[in-house]
Amino acid sequence: MSTTEPDALLGPADIRELAAKLGVRPTKQRGQNFVIDANTVRRIVRTAEVRADDVVVEIGPGLGSLTLALLEAADRVVAVEIDDVLAAALPDTVQARMPGRADRFSLVHSDAMLVTELPGPAPTALVANLPYNVAVPVLLTMLERFPTIERTLVMVQAEVADRLAARPGNKVYGVPSVKANWYAEVKRAGSIGRTVFWPAPNVDSGLVSLVRRTEPITTTASRAEVFAVVDAAFAQRRKTLRAALAGWAGSAPAAEAALVAAGISPQTRGEALTVEEFAAIAENKPAAQKPDTDESATTGSDTGGSTGNESAGSSE
């Protein structure tokens, strides 16, 4: 249900006029590519299945294209913006273009990786055009810190979208695929062309849908313990798990024992395993090798390392 005027959303001329007024030029450093097409942001909101009772958190709202479309559909929108100029301007843009919904908008001026709480009611959905260079770490961090987020739709670089949604056995299946699947059922939800952005990126974009699992993965291992196995397995993905997990287990024979106990062939490679199988391996780590794990201290490391590298498209 739309409660706004038809021209409330930002078009190409509006975006450029606003950027010029603010002295803003999109920067590669922050992976900024602003959406300039109103039809595209409305399509994103529809695909995200945003409901009238949703509290939506948006990461990297930029000049506000998607923010305004979300405000049309959701009960409340909380935007997290790191850029000083953009963060200062966005509330004014919302007030000017959607005065009737401005009281339903909140801004958090911060790096999303540092946000541990949000104002107002707990978020139920995450919808964002994520900067390419930090997409996976930001996504996984938000899913970990805000368990009330039930549905997520992110627009990311097509290559990153493929990795997130990949299934075991796929050549791009890796750390992002497994870690995202720990939290949610993940699937590709569409493609976005380059011409709807300013500036137009050199790569295509993809939409990824994540619906949080109603029941967590059944395992006695902690998230941090499972993610440690995932990181080790894909750090040397061309090796068999017996060899790749030797450092994690303390030795190759110890790794083999853990794998056999989990019902997995030591000659298997990480790209063949489901998240449940990684959890089974974590459960069977030799007891003498298990460190005391502070779950709350591992959120950052779980989403960095090989995860961040993979999101940037580096070789594995």
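Valine 175 counts as buried, at 0% relative accessibility; buried means under 20% relative accessible area, exposed over 50%, and partly exposed in between (1.4 Å probe, protein chains only). This residue lies in helix H7 (residues 175-183). The model is a predicted one, in which local features need pLDDT of at least 70 and side-chain atom pairs count only at pLDDT 80 or more, while totals for chains, interfaces and linings use all residues. Residues are numbered from 1 along each chain as its sequence is written, and side-chain values use heavy atoms, with hydrogens and water left out.

The protein has 14 helices and 9 strands; helices (H or I, at least four residues) and strands (E, at least two) are DSSP runs, numbered from the N terminus. Of its 316 residues, 55% count as buried. Among contacts between residues at least 6 apart in sequence, 73% join residues at least 24 apart, where contact means heavy atoms within 4.5 Å.

Helix H7 is a good place to continue. Here 9 of the 9 residues are buried, so H7 is largely enclosed by the rest of the structure. The buried residues of H7 include Lys179 and Asn181 as well as Val178 and Trp182.

One neighbour of H7 is helix H8. Two packed helices are described by the angle between their axes and the distance between the axes. H7 and H8 (residues 223-235) pack at an angle of about 160°, with their axes 10 Å apart. That makes H7 roughly antiparallel to H8. Axes are lines fitted to C-alpha atoms, for helices over the stretch in contact, and angles run from 0 to 180 degrees between N-to-C directions. Angles under 35 degrees count as roughly parallel, over 145 as roughly antiparallel, 65 to 115 as roughly perpendicular and the rest as oblique. The crossing of H7 and H8 is right-handed; a crossing is right-handed if the near helix is turned clockwise from the far one by less than a right angle, and left-handed if anticlockwise.

On the H7 side, the residues that meet H8 are Val175, Val178, Lys179, Trp182 and Tyr183. Their partners in H8 are Arg223, Val226, Phe227, Val230, Asp231 and Phe234. By class, the contact of H7 with H8 has 8 nonpolar, no polar and 3 charged residues. Ala, Val, Leu, Ile, Met, Phe, Trp, Tyr, Cys and Pro count as nonpolar, Asp, Glu, Lys and Arg as charged, and the others, Gly among them, as polar. Valine 175 and alanine 233 are 58 residues apart along the chain, and their C-alpha atoms are separated by 8.8 Å.

Alanine 233 also leads to the next helix pair, since Ala233 is one of the H8 residues that meet helix H12. The axes of H8 and H12 (residues 275-283) come within 8 Å and cross at roughly 105°. H8 and H12 are therefore roughly perpendicular to each other. In H12 the contact residues are Phe278, Ala279, Ile281 and Ala282. This contact divides into 9 nonpolar, no polar and 1 charged residues.

A third helix pair is H3 (residues 65-73) and H4 (residues 84-97), whose axes come within 11 Å and cross at roughly 50°. H3 and H4 are therefore oblique to each other, and their crossing is right-handed. Thr67, Leu68 and Leu71 of H3 make the contact with Leu90, Val94 and Arg97 of H4. There are 4 nonpolar, 1 polar and 1 charged residues in this contact.

Helix H2 (residues 38-47) has Thr40, Val41, Ile44 and Val45 as its buried residues. Seen down the axis of H2, these fall within an arc of 140°, so they line one face of the helix; the arc is that of the directions from the helix axis to the C-beta atoms. What covers them includes H3, strand S5 (125-129) and strand S6 (151-157). On the other side of H2, Asn39 and Arg46 are exposed.

Glutamate 49 follows just after H2, in the loop between H2 and strand S2 (55-59). This residue has a positive phi of about 55° although it is not a glycine. Glutamate 49 is exposed, with a relative accessible area of 54%.

Two further sites remain. Serine 106, in strand S4 (residues 105-109), is buried, with a relative accessible area of 18%. Leaving aside neighbours within four places in sequence, serine 106 is in contact with Arg76, Val77, Val78, Ala79 and Pro119. A cis peptide bond joins tryptophan 198 and proline 199, with omega about -10°. Proline 199 is in the loop between strand S8 (197-198) and S9.
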